[in-house]
Amino acid sequence: MTPKEVLKFAKESGVKIVDFKFLDLLGIWQHFSTPLEELTEDVFEEGLGFDGSSIRGWQPIHASDMNLIPDPTTAVIDPFMQATSLSLICGIVDPITKEPYTRDPRNIAQKAEAHLKSTGIGDVVYFGPEPEFFIFDDVRYDQGYNYSSYSVDSVEGQWNTGRDEKPNLGFKPRYKEGYFPVPPTDSQQDIRSEMILEMARVGIQVEKQHHEVATAGQAEIDMRFDSLVRMADKLAWYKYVCKNVARRRGKTVTFMPKPIFGDNGSGMHVHQSIWKNGKPLFAGESYGGMSPMGLNYIGGILKHASALCAFVAPTTNSYRRLVPGFEAPVNLAYSSRNRSAAIRIPMYSPSPKAKRIEVRFPDPSCNGYLAFAAMLMAGLDGIENKIDPGEPLDKDIYALSPEELKGVPTLPGSLEGALKALEKDHEFLLKGDVFTPDVIETWIQWKHEKEINPVRMRPTAIEFSLYYDS
């Protein structure tokens, strides 16, 4: 829609409130609202001002003024507001220079798409993420100088088989057996269906929904693939919809990668492919039905995987999931059909249009704009430099001995390790001015000061169990 069409749509839809949304650097949607009367065509050109120093990882207080520019093509009705509300996703610009803000994640994603086109390699890159999440009934956490605690609960939790629920009706998914029995064991069919119906209202095409492997309400809803920026927009809507549907049903959703010990964490496998002039470029006669270009793209992802982790597995909790020998792929190998490899070549369909790769180590705590842009930049580096991904590993990697795995590189074991890798290896991200040095520096500094150090300095319950009697 054009600005004029947005105003007409708003009037015809009975809109009372306009909600302006944007993603902060860390990946959480921020917003403010105005009455409809404040939305004019000029706003789409001149924007609206706000305090950039109050947004995580953005401006210092002495240079806090920023402008927000709504994108008219993103206009939809927000399905959760009592007053009929028009939602607009926005870009951020400097109010003096009018230049797009370097730390605006959506701007970074837009520059990544433009860089792809400038290389001549392709004109569109498609992403298809598969975010997993938990639907809990209760979550509690607290901490102080002399204590810390957390607790999550779900009526589905296998740990509740003996609880007096007046009555306890059983049918609770066993650990690692939630994929995917019918109701009543799967008690959350209706809430997931409600989520996908709300997603449809904001323009998200859903391919399927189901219970995931873990007990206690682990879920997955798969969106149909789309271009980079549009899919990152949809991922933001996806999280918003899941959280708000859960809340109005008296439940809570988390995209935290590893909220439960001893059962599967939540990953976000990301399918991706490059097209040009309406033709898929990853299909060919090489291994797994791939083209040389597709294999080089894999080579770029594998080469830069450790640095990519800083954006695609960006929390300290991510590395509770990325543990060698458990459910998440940490070995930097690729294979067809093989879910134990870090990169899988899906073999569901012989159609060239379906040929893609699936990167399996990201998780849904990431900022989609940054994660998708970073993976594209790594893949393009692989194509431009013809990086050989090496031989595929067509074995169950989880079952291989340490001797057999000796030559297979692995992902970092911590967020700190991922940030060190990013410090050493980020030139590929700077091409085309997609990521800028200030973004890399701010990201690394924020993660150390606000996440790694606070986690590092606090004792945990398991440490008391291990060391109190030492």
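In the predicted model, Ser 64 is buried, its relative accessible area of 15% falling under the 20% limit. This residue sits in the loop that links strand 3 (48-51) to strand 4 (65-70). Beyond its neighbours within four places in sequence, Ser 64 is in contact with Phe 50, Asp 51, Gly 52, Ser 53 and Gln 59. Of these partners, Phe 50 and Asp 51 carry numbers that fall within strand 3 (48-51).

A second buried loop residue is Arg 360, for which the relative accessible area is 7%. Arg 360 is placed between strand 18 (357-359) and helix 9 (368-384). When neighbours within four places in sequence are left aside, the contacts of Arg 360 include three arginines, Arg 321, Arg 339 and Arg 344. His 269, Pro 329, Ala 341 and Ala 342 are also in contact with Arg 360.

The largest nonpolar core comprises 119 residues, and Phe 372 and Phe 435 have the most contacts inside it. Helix 5 (residues 228-248) makes the largest contribution to this core, supplying 13 residues. Phe 372 lies within the span of helix 9 (368-384). Residues up to four places away in sequence not being counted, Phe 372 touches Leu 228, Met 231, Ala 232 and Leu 235, whose numbers lie within the range of helix 5 (residues 228-248). Phe 127, Pro 129, Met 268 and Val 270 are likewise touched by Phe 372. Another core, of seven residues, lies apart from the largest one; among its members are Ala 333, Ala 341, Ile 397 and Val 408. Ala 341 is also one of the residues in contact with Arg 360. In soluble globular proteins, nonpolar side chains tend to be buried together.

At the level of the whole chain, 13 helices and 18 strands are present. The radius of gyration is 23 Å, close to the 23 Å given by the globule rule for 470 residues, so the chain is as compact as a globular protein of that length. The C-alpha trace spans about 65 × 60 × 50 Å along its principal axes. Buried residues account for 54% of the 470 residues. Of the contacts between residues at least 6 apart in sequence, 69% join residues at least 24 apart.

The accessible surface of the chain amounts to about 21,900 Å², and carbon and sulfur atoms provide 53% of this area. The chain carries 52 positive and 63 negative charges, and the mean positions of the two sets are 3 Å apart.

Methods. Residues numbered from 1 in each chain as written. Predicted model: local features only at pLDDT ≥ 70, side-chain atom pairs only at ≥ 80, totals over all residues. Heavy atoms only, no water. Helix = DSSP H or I, 4+ residues; strand = E, 2+ residues; numbered from the N terminus. Rg over C-alpha atoms; globule rule 2.2 N^0.38 Å. Buried < 20%, exposed > 50% of the residue type's maximum accessible area, 1.4 Å probe, protein only. Contact = heavy atoms within 4.5 Å. Areas by Shrake-Rupley, 256 points an atom, 1.4 Å probe, with all protein chains shown as cover. Lys, Arg positive; Asp, Glu negative; His and termini not counted. Charge placed at Lys NZ, Arg CZ, Asp CG, Glu CD. Core = buried A, V, L, I, M, F, W, Y, C linked by side-chain atoms within 4.5 Å.
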